[in-house]
Amino acid sequence: MKDGGLIHIYCGDGKGKTTAAVGLAVRCSGRGNKVLLVQFLKSRPTGELQSLSLLPNIEILRGKENHKFTFQMTDEEKAAVLHNHMELFVKVQKKCRQEKVDLLILDEVIGACNTGVFDLQALIGFLNNKPAAMEVVLTGRNPAAELIDMADYVSEICKRKHPFDKGIPARTGVER
């Protein structure tokens, strides 16, 4: 990718952080570039993953399936998820060193850091030493100040209204 190498953050309490990252993946793939999408804290099948799997040059990596939200987990369960996420991140770093990855999306990595199931310092170390031309997207709520300082783009998506507030669950094809 020409003139790459910037860091994006899509954050906030609104719907659309992953959707924005997926849009960038589609754009990047459409130009013949290699995209690596890595999802943390997510394990359910989604429409966007099915669509992305049909596109060229997009690889998707996910951690082991979780059946609980982090606030429902015991300390032991959180430790196991942290271990799984860090193993996955080692694989991601190796891919980024050995292959030309034009766009790396670390979906919900910010939330994983905030809930103690991803090491923030490992993420910062990676960002400080990433391949120079690689574009990186981080998504999640409440990014640490260090991440905001490192980022070239910070887009905050603000929730004004959401059907979930009325008790309407996630709908297939819209939220999942």
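This report walks through a predicted model, starting with its sheet and ending with a pocket and one helix residue.

**The sheet**

Let's begin with the strands. Six of them make up an open sheet, and if you go across it you meet them in the order S3-S2-S4-S5-S1-S6. The pairing is parallel. As background, strands of a sheet pair through backbone hydrogen bonds, and this can happen in a parallel or an antiparallel way.

Back in this model, the sheet is an open one. Strand S3 (58–62) and strand S6 (153–156) sit at its edges with a single partner strand each, so one side of each has no neighbour in the sheet. Going from one strand to the next, the twist averages 15°.

Here are some of the strand pairs, with how many bridges join them and one pair of residues that face each other.

| Strand pair | Bridges | Residues paired across it |
|---|---|---|
| S2 and S3 | five bridges | valine 35 and isoleucine 58 |
| S2 and S4 | five bridges | valine 35 and leucine 103 |
| S1 and S5 | four bridges | isoleucine 7 and valine 136 |
| S1 and S6 | four bridges | tyrosine 10 and serine 155 |

Valine 35 is worth finding in the structure: its bridge partner in S3 is isoleucine 58, and its bridge partner in S4 is leucine 103. A little further along S2, leucine 37 stands opposite isoleucine 60 in S3.

How does the chain get from S2 to S3? The path goes through helix H2 (residues 47–52), and this β-α-β crossover is right-handed.

**Two covered strands**

Now for the side chains. In a regular strand, they alternate between the two faces of the sheet.

Strand S2 (residues 35–39) is one to look at. Val35, Leu37 and Gln39 point one way, while Leu36 and Val38 point the other way. Five of the five residues of S2 are buried, so the rest of the structure largely encloses this strand.

S1 can be read in a similar spirit. Ile7, Ile9 and Cys11 point one way from S1, and His8 and Tyr10 point the other way. Five of the five residues of S1 are buried, and the strand is mostly covered.

**The largest pocket**

Next comes the largest pocket, with a volume of about 1,800 Å³. Its lining is made up of 43 residues. Which of these lie nearest the centre of the pocket? They are Lys42, Arg44, Phe69, Glu108 and Glu175.

Some helices take part in the lining too. Helix H1 (17–30), H2 and helix H4 (109–114) are the elements that give two or more residues to it. H1 provides the largest share, which is three residues. You have already met H2, on the chain's way from S2 to S3.

**A residue in helix H3**

Last stop: glutamine 93, which has its place in helix H3 (residues 75–98). Is glutamine 93 buried or exposed? The answer falls in between: glutamine 93 is partly exposed, because its relative accessible area is 22% and buried would mean under 20%.

Glutamine 93 also makes a nice example of sequence against space. Along the sequence, glutamine 93 and lysine 130 are 37 residues apart. In space, the two are 8.6 Å apart, going from C-alpha to C-alpha.

Notes: Residues are numbered from 1 along each chain as its sequence is written. This is a predicted model: local features need pLDDT of at least 70, side-chain atom pairs count only at pLDDT 80 or more; totals for chains, interfaces and linings use all residues. Side-chain values use heavy atoms; hydrogens and water are left out. Two strands pair if DSSP finds at least two bridges between them. Axes are lines fitted to C-alpha atoms, for helices over the stretch in contact, and angles run from 0 to 180 degrees between N-to-C directions. Buried means under 20% relative accessible area, exposed over 50%, partly exposed in between (1.4 Å probe, protein chains only). A crossover is right-handed if, with the strands pointing away from the viewer, the path from the first strand over the helix to the second runs clockwise. On a 1 Å grid over the protein atoms alone, a cavity is a set of points where a 1.4 Å probe fits but cannot get out, and a pocket is an open set with protein on both sides within 12 Å along at least five of seven lines; lining residues have an atom within 4 Å of a point. Grid points are joined across faces, edges and corners, and a volume is the space filled by probe spheres set on the points.
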